[in-house]
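The following report describes the architecture of one protein chain. It begins with a single residue and then widens to the strands, sheets and contacts around them.

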Amino acid sequence: TWDYDVAAYDTATWEQVFRMFPPEDAAYKRVNECRPSPDGARLAVAHDDGAVRIHDTATGALLHTLRQQAEGARLPQNDVVWLPGGHRVATVSKDLTLRIWDAETGEHLSVWHGHEQTATAVAVTSDGSALFSGDAGGVVRRWDLAALTSERSRWPLPDTGYAIAV
């Protein structure tokens, strides 16, 4: 809710199992979206403070806080979707980006640019081959997830890289 919490209910009895809250020191705590992992064991919650929090659905415990420490770090995360397999999530933000995260470690894997207005929604194809993101200007973009294999999306360098050519 915009009241900052996510409540979990037992659908057989409609009794509340637990409530999850962002940290008290979070500047903007409003919940924009929440999605269960494919196996139902975790819940990804996109918040207005620029973080996506991964919770254990059995206990409500906070497992990871996904927050990029550079560009747009404090801008709202508007939507989140689990990628097939449940190991990664994709998020879209007011900072105009689509980001990919490792949901098991909390590591930020990649950021994709292309929207010219606030990115508001994200979806993944059932086979996991593509993401679609929409923005406040009414534009939908398709992103090829084949480029996100660990061999193709990140190349760790031994030190700072100042230039690149292809």
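Is R88 buried, partly exposed or exposed? R88 counts as partly exposed because its relative accessibility is 25%, where buried means under 20% relative accessible area, exposed means over 50%, and partly exposed lies in between (1.4 Å probe, protein chains only). The model is a predicted one, in which local features need pLDDT of at least 70 and side-chain atom pairs count only at pLDDT 80 or more, while totals for chains, interfaces and linings use all residues. Residues are numbered from 1 along each chain as its sequence is written, and side-chain values use heavy atoms, with hydrogens and water left out.

## Overall composition

The chain contains one helix and 13 strands; helices (H or I, at least four residues) and strands (E, at least two) are DSSP runs numbered from the N terminus. Read from the N terminus, the order of elements is β-β-β-β-β-β-β-β-β-β-β-β-β-α. Of the 166 residues, 40% count as buried. The accessible surface amounts to about 9400 Å², and 53% of this belongs to carbon and sulfur atoms; the areas come from the Shrake-Rupley method with a 1.4 Å probe, and for residues only the protein chains shown count as cover. Among contacts (heavy atoms within 4.5 Å) between residues at least 6 apart in sequence, 38% join residues at least 24 apart.

## Strand pairing

Strands of a sheet pair through backbone hydrogen bonds, either parallel or antiparallel. Here two strands are taken to pair if DSSP finds at least two bridges between them. Three antiparallel pairs are set out below.

| Strand pair | Bridges | Residues facing each other |
|---|---|---|
| β4 and β5 | five | V45 and R53 |
| β7 and β8 | five | Q77 and S93 |
| β12 and β13 | five | G134 and V140 |

An open sheet of four strands, paired in the antiparallel sense, has the order β3-β4-β5-β6. β3 (31–36) and β6 stand at its edges with a single partner strand each, so one side of each is left without a neighbour in the sheet. Neighbouring strands of this sheet are turned by 20° against each other on average, direction ignored; the axes are lines fitted to C-alpha atoms, for helices over the stretch in contact, and angles run from 0 to 180 degrees between N-to-C directions.

R67 lies in the loop between β6 (62–66) and β7 (77–82). This residue counts as buried because its relative accessibility is 18%. The side chain of R67 reaches the backbone oxygen of D49 at 2.8 Å. Such a polar contact is a pair of N or O atoms within 3.5 Å; within protein, one must be able to donate a hydrogen and the other to accept it, and residues adjacent in sequence count only if both atoms are side-chain atoms.

In β7, six of six residues are buried. β7 and β8 form a hairpin with five residues between them, and G85 in the turn has a positive phi of about 100°. R88 belongs to strand β8 (residues 88–93). The C-alpha atoms of R88 and W101 are separated by 5.5 Å, with their positions 13 residues apart along the chain counted as the sequence separation.

## The β12–β13 hairpin and its surroundings

β12 (residues 130–135) and β13 (residues 140–144) run antiparallel. Four residues separate the two strands in a hairpin, where G138 in the turn has a positive phi of about 85°.

D135 is placed in β12 and is buried, with a relative accessible area of 9%. D135 touches H115, E116, Q117, T118, A119 and T120, not counting residues up to four places away in sequence. The side chains of D135 and H115 are joined by a polar contact of 2.8 Å. A polar atom of the D135 side chain also lies 2.8 Å from the backbone nitrogen of G137. The C-alpha atoms of D135 and Q117, 18 residues apart along the chain, are separated by 5.9 Å.

## The aromatic pair

The structure holds one aromatic pair. W112 and W143 form this pair, which is tilted, at 5.4 Å centre to centre and 45° between the planes. W112 in strand β10 (residues 108–112) and W143 in strand β13 are 31 residues apart, and the pair thereby links distant parts of the chain. Rings of Phe, Tyr and Trp (its six-membered ring) pair if their centres lie within 6.5 Å; planes under 30 degrees apart count as stacked, over 60 as edge-to-face and the rest as tilted. W112 is buried at a relative accessible area of 15%, and W143 is buried at 11%.
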